[in-house]
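Hi there,

Here is the structure I promised to pass on to you. Please have a look at it first, and then read my notes underneath.

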Amino acid sequence: MTTAKSPRRSWGAQLVLNALLWVIPVALLWLVATPLYNRFLLGSAENLVRLTESPNVTNLLRKDDHFAYVQRRDFPPAKSLVHSFRVTDVHFHLLMLGVLFLAVPRVPWRRRLENLGWAVLITVFFDILLIFFYVKFAYATQLGAWSLEHYGAFGRNFWGLGKHLLDLPFKFSLPFLLWAGFYFNDLMAEIRPRPA
Amino acid sequence: MANKQTASKPPSSASGSFWQRNRRELTFLILFVVILGGSFTLISVNWVNDHVVEPFTAGIAWLSGGVLHLLGQSVTMTGTVIRNPRFAVNIRNGCNGVEAMFIFIAAVLAFPASWKSRLAGLGLGILAIQVVNLVRVVALFLTGVYFPKIFDTSHTVIWQTIVILCGVLLWIFWANRFAMPPASEPAT
């Protein structure tokens, strides 16, 4: 009975402890990589937005280390910066992702890093898509008469709800979703029926 | 008959085996996404936001204001806003712990466990998440008053990460320690 109980307790507790230990190193790495990653995200998202417009009028401009502007070149210069957002907010979930994936106990390093690599790749695509939705949301709902003229009720609701869902629940839960996708069986293998 | 079965089976058995091999995790992931997406779609409806989320958030503001009073801060609360002469915060969606709570609830409901374990996990988990969120609101207000330069980073990166990570780790601990596998499944 004791032997059936102790591995289950120690796996979960060990994961929580590991997670606490990984927070600082992962946060430091994320801080160092943030300026570079911001540039990469803005460039990639700008290309994605341009795939959906003709002529190409959207620029995503870096304002500082954290913020970016959405610029429309077809607007008068004084009004061309139509929206701003915090790029760092888009990808801080990488912190959670790193911590969760590195904290899993009793998994060989090679498998742990492989899984983390795939998860980071998926997250990068998600982040680019999220910025794309930020831009479309701004165009569809934040530009007053221009939005009403260019987007119908369906479009405004689609981009609005899409941005809402991607920006809150799925951005926050993506690290967990990926963790569960890669480690669900490890978790289940550690669960033992409790003694009566 | 046997030949007929063999001939007609391969495509479905291939997909069937994939489903069977990953049935538990796929079921969990699909249920999790559906519950999470459904709950957030529900609270994006204006009526639900105005009649449920806003009063709930105002309650958090009121409780946080009470704690700040205990810590010697002279604050006033108006709806979801907490203010003193030096600083004011408006608690909005994303800062009321609802996201972490829904992620936790969706994960608990999607996981194969007894209803008794689920209810116990939900009760204690939601309480723990709201306690952490209360600490977040109070800490953020104090950060705004005394260290305004780091408020933004603290608000969007540090505390969001702490609250969500806390919800996820609570779930992992619950699933690992307290959720029992269904009786039909052998313990591995």
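Below is what I found, going from the overall build to the sheet and then to the helices.

One thing to keep in mind throughout is that this is a predicted model.

Overall build

Chain A contains 6 helices and 3 strands, and along the sequence they come in the pattern α-β-β-β-α-α-α-α-α. The chain has a radius of gyration of 21 Å, whereas a compact globule of 196 residues would be near 16 Å. The C-alpha trace fits that picture, spanning about 75 × 35 × 20 Å along its principal axes. Of the 196 residues in chain A, 35% are buried. As for contacts with a separation of 6 or more, 58% of them link residues that sit 24 or more positions apart.

The sheet

The 3 strands of chain A form an open sheet in the order 1-2-3, with antiparallel pairing. Strand 1 (58–62) and strand 3 (81–86) of chain A each have a single partner strand, so they stand at the edges and one side of each has no neighbour in the sheet. From one strand to the next, the twist averages 25°.

Strand 1 and strand 2 (residues 67–72) of chain A run antiparallel and are joined by 5 bridges. Two of the pairs to look for are Thr58(A) with Arg72(A) and Leu61(A) with Tyr69(A). A hairpin of 4 residues connects these two strands of chain A. On the other side, strand 2 pairs with strand 3 of chain A, again in the antiparallel sense and over 5 bridges. There, Ala68(A) has Phe85(A) as its bridge partner.

Which side chains of strand 2 of chain A point to the buried face, and which to the other? Ala68(A), Val70(A) and Arg72(A) point to one face and are buried, while Phe67(A), Tyr69(A) and Gln71(A) point to the other and are not.

The helices

Helix 4 (residues 109–141) of chain A packs on the sheet and touches strand 1, strand 2 and strand 3. Its direction makes about 140° with that of strand 3 of chain A.

Helix 3 (residues 93–103) of chain A is mostly covered, with 10 of its 11 residues buried. Among them are His93(A), Met96(A), Gly98(A), Phe101(A) and Ala103(A).

Happy to talk any of this through once you have had a look.

Best wishes

Definitions and conventions. Residues are numbered from 1 along each chain as its sequence is written. Chains are lettered from A and ligands numbered from 1 in the order in which they are written. This is a predicted model: local features need pLDDT of at least 70, side-chain atom pairs count only at pLDDT 80 or more; totals for chains, interfaces and linings use all residues. A residue is buried if 20 or more other C-beta atoms lie within 10 Å of its own, exposed if 12 or fewer, and partly exposed in between; C-beta atoms are placed from the backbone. The radius of gyration is taken over C-alpha atoms; the globule rule is 2.2 Å times the number of residues to the power 0.38. Two residues are in contact if their C-beta atoms, placed from the backbone, lie within 7 Å. Two strands pair if DSSP finds at least two bridges between them. Axes are lines fitted to C-alpha atoms, for helices over the stretch in contact, and angles run from 0 to 180 degrees between N-to-C directions.
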